[in-house]
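Student: Let us go through this model by question and answer. Please put the structure up.

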Amino acid sequence: MKKKATLSHKLKVVVYAISKNEEKFVDRWVKSMNEADEIYVLDTGSEDNTVKKLKQLGVKVKRKRINPWRFDKARNESLDLVPIDADICVCTDLDEVFEPGWRAKLESIWKEDTTRLRYNYNWLLDDNGSPLVNFYIEKIHKRSNYRWTHPVHEILESSEIERFITTDEITLNHYPDKSKSRSSYLPLLELSVQESPNDDRNVHYLGREYMYYKKWNEAIDMLICHLSLPTATWKDERCASERFIARSYKNLGRYDEAKMWLDKAIIEAPYLRDPYVEKALLAYDLKEWEDAEKYCLKALEIESHPKSYINEIFSFNGTIEDILSLCAFQKKDLEKALYWIDKALKHRPEDQRLLENKKIFLSSKKN
């Protein structure tokens, strides 16, 4: 039976999640999610007080170990806990927190024919709470006709035509547990590509993961495979694959090939700062000051900051200005070095290395 609507709640909203050893996040998470009518959690094997604390706070919890582990299976098991009469399902993790008032905003936005919502996600914040990586996610959806797919980096798929609404009125902040291992990701990504070898998203993620593990040759091969897929048409992601190939070649000491792939990345997505900054970083490492300065200035001509997980932190956190200050110093242009170091410090006013560099620039100017 559908929960009786109140004057303030037109729709039944249910949060669902998976958990494992998350007791330190429980209080904060439940406080944020309590704007929903009900909260369901599938616990996949906690050995701490996660389950006890969740139950004490009124969360409906089921325990079940998923073996072999797959994120999509766990998500689907947690979704199955949600009553069929729910109007809106909200999938989150326990290290995520909505900004207050999300429920009222959700009800005001949701339309009768809406199937899914895109909303603002701050995947990484700095120490002051300002977003470093920000993009849209799509984990709020209607109850029926949705299932999770892929062993890791799982996504929602619908068996019906979807009708999306996109909003910046709802924001979910991510406060990750840095102590948790992501060692399971690589084998799960390899499994994901085995299961769906033509899924361009999975192939890109696997190539990126090989790069994270410093498996440079494997990364290059997989990322080239991504670029060869007919469905790999999103230019931002293609640009990222080309940058990661270049980064791998750089780490192999094959600098000409790295430059070639960065040139490809710039041609692929000339509207993004990222390939220009990466080209500048390579030039700086090779002590090619003129090129480093040239590509930094080209990057600064681009003011747009797309809401995409592809975005690199170094493109908007003062790294560009930092490189420009160092290039100017190498060229003995101390006025310009001081100009750019001040610009960099506006992004990172407490960065000790930048502060020390400014002292060196000032001392050099006096001498």
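Student: Which strands does helix H4 (residues 102–109) lie across, and at about what angle does H4 run to E10?

Tutor: This is a predicted model, in which local features need pLDDT of at least 70, side-chain atom pairs count only at pLDDT 80 or more, and totals for chains, interfaces and linings use all residues. Residues are numbered from 1 along each chain as its sequence is written, and side-chain values use heavy atoms, with hydrogens and water left out. Helices (H or I, at least four residues) and strands (E, at least two) are DSSP runs numbered from the N terminus; contact means heavy atoms within 4.5 Å, and angles run from 0 to 180 degrees between N-to-C directions of axes fitted to C-alpha atoms, for helices over the stretch in contact. H4 lies across E1, E4 (88–91), E5, E6 (116–125), E7 (131–141) and E10, and its angle to E10 is about 170 degrees.

Student: Which strands stand at the edges of the open sheet, and why is one side of each left without a neighbour?

Tutor: The sheet has 8 strands in the order E3-E2-E1-E4-E7-E6-E10-E5, with mixed pairing; two strands pair if DSSP finds at least two bridges between them. Each edge strand has a single partner strand, so one side has no neighbour in the sheet; these strands are E3 (60–63) and E5 (96–98).

Student: Which residue stands opposite Asp43?

Tutor: Strand E2 (residues 38–43) pairs with E3 in the parallel sense over 4 bridges. Opposite Asp43, in E3, is Arg63.

Student: Which residue forms a salt bridge with Lys53?

Tutor: A salt bridge is a side-chain nitrogen of Lys or Arg within 4 Å of a carboxyl oxygen of Asp or Glu, and the whole structure has 39 of them. In this one the closest N and O atoms are 3.4 Å apart, and the partner of Lys53 is Asp27. The pair links distant parts of the chain, 26 residues apart, with Lys53 in helix H2 (residues 50–56) and Asp27 in helix H1.

Student: Which peptide bond is cis?

Tutor: Most peptide bonds are trans. Here one has omega near 0 degrees, and its proline lies in the loop between E3 and helix H3 (71–79). The cis bond runs from Asn67 to Pro68.

Student: Where does His153 lie?

Tutor: His153 has a positive phi of about 50 degrees although it is not a glycine. Most residues other than glycine have a negative phi. His153 lies in the loop between strand E8 (146–149) and strand E9 (155–158).
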